[in-house]
Amino acid sequence: MEIIQVVGLGLITTVLVLIIKEQKPMFAFLLTAFTGIVIFLFLIGKISAVIQVLEDLAAKADIHVIFFKTILKIIGIAYIAEFGAQIVRDAGQESVAAKIELAGKILIMVMAIPIVSVIIETVIKLLPA
């Protein structure tokens, strides 16, 4: 029941932030950021287990390692960009959060180019000349 621990930590942090925010807004932000990092670190073990299962499935399906690693990197970029944007958004910096999300999207697009190229080449080979 890890979700109960995560939700409990989130609720406790929320109450503390609401109490502290009036007197010390900087401490409230630091508490929020620290809680986000703790939750992320708590989930790293779960993430590594998922990655291991996906690696096993990719090996069984005979998927090229390069494509699989690229897809994992793309997923990582998406999660990290979202996590960073949420923390910055919590600090009240909506415009910076939007820039982080934009950077994440562009990096994902750049990482996806080799995969898209292979897909397009495969489709062109399948089409009659």
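A residue is called buried when its relative accessible area is under 20%, exposed when that area is over 50%, and partly exposed in between. By that scale Arg89, at 28% relative accessibility, counts as partly exposed, and Arg89 takes part in salt bridges with both Glu94 and Glu101. The model described here is a predicted one, and its protein chain comes to four helices and zero strands. With a radius of gyration of 20 Å, well over the 14 Å that the globule rule gives for 129 residues, the protein chain is more spread out than a compact globule.

**Overall architecture**

- Followed along the sequence, the protein chain reads α-α-α-α, and the helices include α1 at residues 2–20, α2 at residues 25–60 and α4 at residues 94–126.
- The third helix in this order, α3, covers residues 65–90.
- Along the principal axes of the protein chain, the C-alpha trace spans about 70 × 35 × 15 Å.
- Of the 129 residues in the protein chain, 16% count as buried, and the area that the chain exposes is about 9800 Å², of which carbon and sulfur atoms supply 75%.
- When contacts are restricted to residues at least 6 apart in sequence, 50% of those in the protein chain join residues that are at least 24 apart.

**Salt bridges**

- A search of the whole structure finds three salt bridges, and one of them is formed by Lys46 with Glu2, where the closest N and O atoms are 3.1 Å apart.
- This pair links distant parts of the chain, since Lys46 belongs to helix α2 and Glu2 to helix α1, with their positions 44 residues apart in sequence.
- Neither end of this bridge is classed as buried, because Lys46 has 41% relative accessibility and counts as partly exposed, while Glu2 has 37% and likewise counts as partly exposed.
- Arg89 forms a salt bridge with Glu94, for which the closest N and O atoms are 3.0 Å apart, and Glu94, at 43% relative accessibility, counts as partly exposed.
- Arg89 also forms a salt bridge with Glu101, with the closest N and O atoms again 3.0 Å apart.
- Because Arg89 lies in helix α3 and Glu101 in helix α4, this second pair ties together parts that are 12 residues apart in sequence.
- Glu101 has a relative accessible area of 24% and is therefore partly exposed, and salt bridges that share partners join Arg89, Glu94 and Glu101 into one network.

**Helix α1: Thr13 and Val15**

- Thr13 lies in helix α1 and is buried, because its relative accessible area is 8%, which falls under the 20% limit.
- Leaving aside residues up to four places away in sequence, Thr13 touches Leu31, Thr32 and Thr35.
- Val15 is found in helix α1 as well, but with 48% relative accessibility Val15 counts as partly exposed, given that a residue has to be over 50% to be called exposed.
- Val15 and Ala91 are 76 residues apart in sequence, and their C-alpha atoms are 17 Å apart in space.

**Nonpolar surface patch**

- Ile37, Phe40, Leu41, Phe42, Leu43, Ile44 and Ile47 form a nonpolar patch on the surface, and together these residues have about 570 Å² of accessible area.
- Phe42, one of the residues in this patch, lies in helix α2 and, at 33% relative accessibility, counts as partly exposed.

**The loop between α2 and α3**

- Asp62 lies in the loop between α2 and α3, and Asp62 has a positive phi of about 60 degrees although it is not a glycine.
- At 67% relative accessibility, Asp62 counts as exposed, because exposed applies over 50%.

Methods: Residues numbered from 1 in each chain as written. Predicted model: local features only at pLDDT ≥ 70, side-chain atom pairs only at ≥ 80, totals over all residues. Heavy atoms only, no water. Helix = DSSP H or I, 4+ residues; strand = E, 2+ residues; numbered from the N terminus. Buried < 20%, exposed > 50% of the residue type's maximum accessible area, 1.4 Å probe, protein only. Patch = residues over 30% accessible without salt bridge, like charges linked within 9 Å, V, L, I, M, F, W, Y side chains within 5 Å. Areas by Shrake-Rupley, 256 points an atom, 1.4 Å probe, with all protein chains shown as cover. Salt bridge = Lys/Arg side-chain N within 4 Å of Asp/Glu carboxyl O. Rg over C-alpha atoms; globule rule 2.2 N^0.38 Å. Contact = heavy atoms within 4.5 Å.
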